[in-house]
Amino acid sequence: MSVVELKVPSPGESITEVVIARWVKQTGDVVEKDDVLAEIDSDKATLTLNAEESGKIEVLAAEGDTVKVGQVVVKIDTSVKPEKKAEVKAEAKVETKVETKKVETTTITSTNKNTTYATGTPSVAAAKIMAENNISANQLNGTGKDGRITKQDVLAALSNGLPNVQQTLSNTWKGGRDKDRSKMTSLRKTVAKRLVSVKNETAMLTTFNEIDMSAIYDIRARYKDKFKEVYGTNVGFMSFFTKAVTEALYHFPAVNAMIDGEEIVYNKYCDIGIAVSAPKGLMVPVLRNAELMSLAEIEKGIKDLAIKARDGKLSIPDMEGGTFTITNGGVFGSMMSTPIINPPQSAILGMHNVVERPMAVNGQVVIRPMMYVALSYDHRIIDGRESVGFLVKVKEMLENPNRMIFGGKLPEEVLLGL
């Protein structure tokens with residue numbers, strides 16, 4: 001009998017322990033090479049433990065256990081091989097000789113074998129609708145990738161009269177006195193410590209402004225179809241904000257700086273962290289050298305990072321080294337907030353929802369799509385003049401997108417040499 005031992009991989013420097021978050025496979029399962037066996041939580045990210053060889057596994061640690069990096073947690077008996085061909089023949093035989101009900105059972109069993117952590121997990125949009133209507137995941141069947149619950153799944157269930165929803169809506173609280181306790185993940189504990197340290201160790205202030213999104217709306221309306229045809233992705237708000245931020249950082253370099261001991265480090269590049277919602281919580285992957293990217297490259301980069309976050313495939317390098325962060329609470333309906341700095345960075349921009357409001361324009365009251373924006377910054381290295389000036393520069397470029405092409409200036413200003 002040949003046995004392969006799988007050790008806990010290192011998530012990154014200085015990390016010596018991790019937590020077994022969930023076993024995807026169990027003792028006695030026969031797996032293929034590269035199958036995901038477990039999810040592992042570290043202080044910085046969630047990783048997967050994959051089978052190095054095919055065979056029958058023996059699990060040596062329980063879910064929730066804290067284990068050392070390098071510790072053996074799985075053994076694989078490589079003498080036991082998966083019987084792929086036999087399973088396929090068996091399924092074909094069942095389909096030809098049994099009734100429809102039996103075929104359905106076989107199909108469900110096959111699907112369950114491919115169950116992942118995404119199965120039954122709602123997308124961000126789906127989770128929002130489910131929360132608003134008090135719908136639980138076990139009332140829905142996910143049709144998205146790997147069984148994820150999509151927005152369409154929730155809307156379809158509501159339109160078809162989801163069972164027990166009305167009862168749930170009329171009697172959400174059941175009147176019990178029970179309590180649930182769950183252990184904090186390593187990632188959540190690290191986030192908690194970092195948030196407290198930011199409040200205690202920085203002189204954090206927040207300044208606000210508002211942006212008329214009419215120009216961005218107009219560009220998207222005129223070019224969204226052509227943009228998708230050419231680049232294969234939608235044009236969203238985040239690419240415009242990222243581009244405006246990179247230009248504003250050039251004019252206000254202190255906002256792109258950070259403190260290192262008794263020195264201030266001014267970054268001559270823009271690695272922009274984009275906060276995205278993931279099943280394990282908020283993650284902040286980084287777009288490298290965003291100042292050199294086109295809108296299409298930014299959109300594609302954000303889309304790729306969001307997919308990796310959704311599927312739990314973000315690595316430590318994906319989230320290290322950002323110089324400035326953008327977070328969009330507007331997707332959840334937030335009108336105003338004070339985002340917390342992502343250390344060791346010195347500033348973060350918070351986007352919010354777009355609301356049509358009456359505005360005074362040239363002496364006339366008009367309805368415009370408006371967004372509040374917030375810049376939280378470390379007052380130890382960023383003065384009020386720089387923070388306000390930075391936010392005004394972002395506002396100017398988003399309300400006049402031509403400025404993004406000419407270094408923050410209007411075309412006629414460049415022509416006149418102003």
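**Helix packing and sheets in a predicted model**

Good morning. I shall begin with a helix pair: α8 and helix α9, the latter covering residues 295-310, pack at an angle of about 120 degrees, and their axes lie 9 Å apart. The crossing of α8 and α9 is right-handed. On the α8 side, the contact is made by Met238, Ser239, Phe240, Thr242 and Lys243, and on the α9 side by Leu295, Ile298, Glu299 and Ile302. Sorted by class, the residues in this contact of α8 with α9 are five nonpolar, two polar and two charged.

I should state at once that this is a predicted model. Its protein chain contains twelve helices and 19 strands. Of the 418 residues in the chain, 38% are buried. Among contacts between residues at least 6 apart in sequence, 63% join residues at least 24 apart.

Let me return to α8 and its packing against another helix. Helix α8 spans residues 237-251 and packs with helix α11, residues 384-399, at an angle of about 135 degrees, with the axes 9 Å apart. That angle makes α8 oblique to α11. The crossing of α8 and α11 is right-handed. Which residues of α8 and α11 make the contact? From α8 they are Phe240, Phe241, Ala244, Val245, Glu247, Ala248, Leu249 and His251; from α11 they are Phe390, Lys393, Val394, Met397 and Leu398. By class, ten residues in the contact of α8 with α11 are nonpolar, one is polar and two are charged. Phe240 is listed on the α8 side of the contact with α9, and Phe240 is also listed on the α8 side of the contact with α11.

I now turn to the sheets. One open sheet is formed by four strands in the order β5-β4-β2-β7, with antiparallel pairing. Why is one side of β5 and of β7 left without a neighbour in the sheet? Strands β5 (46-50) and β7 (66-68) stand at the edges, and each has a single partner strand, so one side of each remains without a neighbour. On average, neighbouring strands of this sheet are turned by 45 degrees against each other, direction ignored. Within the sheet, strand β4, residues 36-41, pairs with β5 in the antiparallel sense over five bridges. As an example of the register, the bridge partner of isoleucine 40 is leucine 47 in β5.

A further open sheet also has four strands, here in the order β1-β8-β6-β3, and its pairing is antiparallel. The edges are taken by β1 (3-7) and β3 (30-31); each has a single partner strand, so one side of each is left without a neighbour in the sheet. Strand β6, residues 55-59, and strand β8, residues 72-77, pair in the antiparallel sense over four bridges. Here lysine 56 has aspartate 77 of β8 as its bridge partner.

My last element is a hairpin. Strand β18, residues 354-361, and strand β19, residues 364-378, run antiparallel and are joined by eight bridges. Valine 355 stands opposite methionine 370 in β19. How many residues lie between the strands of the hairpin of β18 and β19? There are two, and asparagine 362 takes a positive phi near 55 degrees in this hairpin.

To close, α8 packs with α9 at about 120 degrees and with α11 at about 135 degrees, and both the β5-β4-β2-β7 sheet and the β1-β8-β6-β3 sheet are open and antiparallel. Thank you.

Terms used
Residues are numbered from 1 along each chain as its sequence is written. This is a predicted model: local features need pLDDT of at least 70, side-chain atom pairs count only at pLDDT 80 or more; totals for chains, interfaces and linings use all residues. Side-chain values use heavy atoms; hydrogens and water are left out. Two strands pair if DSSP finds at least two bridges between them. Axes are lines fitted to C-alpha atoms, for helices over the stretch in contact, and angles run from 0 to 180 degrees between N-to-C directions. Angles under 35 degrees count as roughly parallel, over 145 as roughly antiparallel, 65 to 115 as roughly perpendicular and the rest as oblique. A crossing is left-handed if the near helix is turned anticlockwise from the far one by less than a right angle, and right-handed if clockwise. Contact means heavy atoms within 4.5 Å. Ala, Val, Leu, Ile, Met, Phe, Trp, Tyr, Cys and Pro count as nonpolar, Asp, Glu, Lys and Arg as charged, and the others, Gly among them, as polar. Buried means under 20% relative accessible area, exposed over 50%, partly exposed in between (1.4 Å probe, protein chains only).
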